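Visitor: Pick one small part of this structure and take me through it closely, please. Then work outward from there, so that I can see how it connects to the rest.

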Amino acid sequence: MNRLAAMMAALVVGLAALPAQAADPRAALVDAVAQRLSVADQVALAKWDSGKAVEDKPREQQVIDGAVARGATLGLERDRVARFFADQIEANKLVQYVLLADWRRAGVAPATPRADLAGAIRPRLDRLQQHLLQLLAETAALRHQPDCRERFAQLAGAYVRQHDSDALYAIALDRALINVCE
């Protein structure tokens, strides 16, 4: 019975620690960045089907300008927001370039359902943008701490392990978080 009581106590202590970890806004930011990256597959498929280039400077600038404007309402620094979202775009493009190259080598893209770029993918990215901005505001003080880079690297590593991410998405996640610390 003592052994069972000890196991139950350890379980309770372990479960009690989970909300504290889950409540870490840095972990939530890493998760939201990874969610944004997960859209890259669908963007690449849309660009494969349409023949459009990965690089779309006017659209990229529109996304950054929108983020900067929304970020200002949350008290976020314009340059920081612009740099953060430029990093998100570059990480997403990295995934797109690799996927498109893989499909070109194979001569075919995956036969998976396609999402409409303008009707489904961009609205999802817009929702993620608002969520990312909120998380940037919530993590402002944490992103100034001396151990910021190490902490985000650890959280990104934990995310990659937990979600069994492949090397491409691990690299893209690191790229997306390159300038998250201040």
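Guide: Let's start at L142, and keep in mind that this is a predicted model. If you skip the neighbours within four places in sequence, L142 is in contact with D24, P25, R26 and C148. As for where that is, L142 sits in the loop between helix 6 and helix 7. Put P25 on your display too: 117 residues separate it from L142 along the sequence, yet the two C-alpha atoms are 8.9 Å apart in space. That sort of link fits the contact statistics of the chain. Take the contacts between residues at least 6 apart in sequence, and 86% of them join residues at least 24 apart.

Now follow C148, one of the contacts of L142, into helix 7. C148 is among the buried residues of that helix, and F152, L155, A156, G157, Y159 and V160 complete the list. On the other side of the contact, these buried residues pack against helix 2 (25-38) and helix 8 (167-176). So what about the length of helix 7, residues 148-162? Its 15 residues should span 21 Å at 1.5 Å a residue, and the C-alpha atoms at its ends are 21 Å apart, so expectation and model agree.

Just past helix 7 comes D164, with a positive phi of about 50°. What might catch your eye there is that D164 isn't a glycine, and still has that positive phi. Its place is the loop between helix 7 and helix 8. With a relative accessible area of 68%, D164 counts as exposed, because the cut-off for that is over 50%.

Carry on into helix 8 and you reach D174. D174 has a relative accessible area of 46%, so this one is partly exposed. There is another long-range pair to look at here: D174 and V33 are 141 residues apart along the chain, while their C-alpha atoms are separated by 10.0 Å.

Back to L142, and this time go the other way, into helix 6. That's where A137 lies. At 28% relative accessibility, A137 counts as partly exposed. Leave aside its neighbours within four places in sequence, and A137 is in contact with L74 and L76. For A137 and L76, the separation is 61 residues in sequence and 6.5 Å in space, C-alpha to C-alpha.

Helix 6 also leads you to the inside of the model. With a threshold of 30 Å³ or more, there is one cavity to report. Its volume is about 300 Å³. Of the 17 residues that line the cavity, R36, V43, K47, R59 and L125 are the closest to its centre. The elements giving two or more residues to that lining are helix 3 (40-50), helix 4 (57-73), helix 5 (78-106) and helix 6 (117-138). Helix 6 has the largest share, with five residues. If you're thinking about the chemistry of that lining, the split is six nonpolar, three polar and eight charged residues.

For a view from helix 5, pick Q96, which lies in that helix. Q96 is buried, at a relative accessible area of 3%, because anything under 20% gets that label. Not counting residues up to four places away in sequence, Q96 touches A40, V43, A44, K47 and V54. You've met V43 and K47 already, among the residues closest to the centre of the cavity. As for helix 5 itself, 29 residues carry it 42 Å from first C-alpha to last, close to the 42 Å expected at 1.5 Å a residue. G107 follows helix 5, and its phi is positive, near 80°.

Finally, zoom out. The protein chain has eight helices and zero strands, so to speak of elements here is to speak of α after α from the N terminus on. Of its 182 residues, 38% count as buried. The chain exposes about 10200 Å², and carbon and sulfur atoms supply 58% of that area.

Key: Residues are numbered from 1 along each chain as its sequence is written. This is a predicted model: local features need pLDDT of at least 70, side-chain atom pairs count only at pLDDT 80 or more; totals for chains, interfaces and linings use all residues. Side-chain values use heavy atoms; hydrogens and water are left out. On a 1 Å grid over the protein atoms alone, a cavity is a set of points where a 1.4 Å probe fits but cannot get out, and a pocket is an open set with protein on both sides within 12 Å along at least five of seven lines; lining residues have an atom within 4 Å of a point. Grid points are joined across faces, edges and corners, and a volume is the space filled by probe spheres set on the points. Helices (H or I, at least four residues) and strands (E, at least two) are DSSP runs, numbered from the N terminus. Ala, Val, Leu, Ile, Met, Phe, Trp, Tyr, Cys and Pro count as nonpolar, Asp, Glu, Lys and Arg as charged, and the others, Gly among them, as polar. Buried means under 20% relative accessible area, exposed over 50%, partly exposed in between (1.4 Å probe, protein chains only). Contact means heavy atoms within 4.5 Å. Accessible areas come from the Shrake-Rupley method with a 1.4 Å probe; for residues, only the protein chains shown count as cover. The expected span of a helix is 1.5 Å times one less than its number of residues.
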